[in-house]
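Biologist: I'd like to go through some of the labels on this one and ask what earns each of them. Can we start once it's on screen?

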Amino acid sequence: MTKRFVAVQRHYVRSVVAVALLGLSAAGALAVSCPVVKHTPPTEADKALLAADYAKAESLYKDALAAHPGDMDATLGLVHTLLQEQKVLDADEAVKTALAAAPNAAPLVTLRGEVEFRQGEPWVAEPTVIASYKLEPCNPRTRLLYARISQVNSRYATARQQIVLAHQFDPEDPEIRAAWIQTLPLAQRITEMESYLSAPTGDD
């Protein structure tokens, strides 16, 4: 039995576990009445990120973290900015630093999975998604990441299900909303996309 065959088998088993855990638990997540995420007004760093002014956003997020180490929103914003800048190694280091201080924070575990996914390692990101789900089943970013992993593995029905759940949990997250729009019928998709792009929290 080759190492490659064993690796493929392990990945298949992890995928089956993930589908069972996140897919079949969708009704369970709704049954516990996951609260809809409430966002604070966007900071100047958030606005810079949305406007694709990544250099400015990176600087502002770093300033925020220098003033308030461990700030979750600033950490998430910084890592997402670094990923947009293709600074994947820097994003990885930022996540490791944050996790060292808060290893059981579900948003940070999911963030690690996002970096792993961007590093081209969906088979590594999938168990990270499972770990994050166990910490917090109502985290919408966890659902979005699992949807992306499912798309890579051609599990399109599961991906759509997870995107719909993510949008129910957080309809204001720009990435989640953009992904959700792509699941809609074409006519509705056009209307929703126009609304999304004109919104203050939509992409520039």
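Modeller: Sure. This is a predicted model, and the cover over the buried residues of α11 includes α9 (140–152), α10 (156–169) and α12 (186–198).

Biologist: Which residues of α11 are called buried, and what makes them so?

Modeller: In α11 (residues 174–181) they are Ile-176, Arg-177, Ala-179, Trp-180 and Ile-181. The word applies because buried means under 20% relative accessible area.

Biologist: What makes Asp-173 a cap for the N-terminal end of α11?

Modeller: A side-chain oxygen of Asp-173 lies 2.9 Å from the backbone nitrogen of Glu-175. The cut-off for a polar contact is 3.5 Å, so 2.9 Å qualifies.

Biologist: Asp-173 turns up in the largest pocket too, right? Which residues lie nearest its centre?

Modeller: His-39, Asp-46, His-80, Asp-173 and Pro-174, out of 46 lining residues. The space in there is about 1400 Å³, and α5 gives the largest share of the lining, eight residues.

Biologist: How do you know what counts as lining, and how does the lining of the largest pocket divide?

Modeller: A residue counts because it has an atom within 4 Å of a pocket point. The largest pocket's lining splits into 22 nonpolar, nine polar and 15 charged residues.

Biologist: And what is the volume of the second largest pocket?

Modeller: About 230 Å³. Among its 13 lining residues, Leu-65, Gly-70, Thr-75, Thr-97 and Ala-98 are closest to the centre. Here α6 (88–101) gives the most, four residues.

Biologist: Why does Gly-70 go with the polar ones?

Modeller: Because the classification puts Gly among the polar residues; that lining has nine nonpolar, three polar and one charged.

Note on methods:
Residues are numbered from 1 along each chain as its sequence is written. This is a predicted model: local features need pLDDT of at least 70, side-chain atom pairs count only at pLDDT 80 or more; totals for chains, interfaces and linings use all residues. Side-chain values use heavy atoms; hydrogens and water are left out. Buried means under 20% relative accessible area, exposed over 50%, partly exposed in between (1.4 Å probe, protein chains only). Helices (H or I, at least four residues) and strands (E, at least two) are DSSP runs, numbered from the N terminus. Contact means heavy atoms within 4.5 Å. A polar contact is a pair of N or O atoms within 3.5 Å; within protein, one must be able to donate a hydrogen and the other to accept it, and residues adjacent in sequence count only if both atoms are side-chain atoms. On a 1 Å grid over the protein atoms alone, a cavity is a set of points where a 1.4 Å probe fits but cannot get out, and a pocket is an open set with protein on both sides within 12 Å along at least five of seven lines; lining residues have an atom within 4 Å of a point. Grid points are joined across faces, edges and corners, and a volume is the space filled by probe spheres set on the points.
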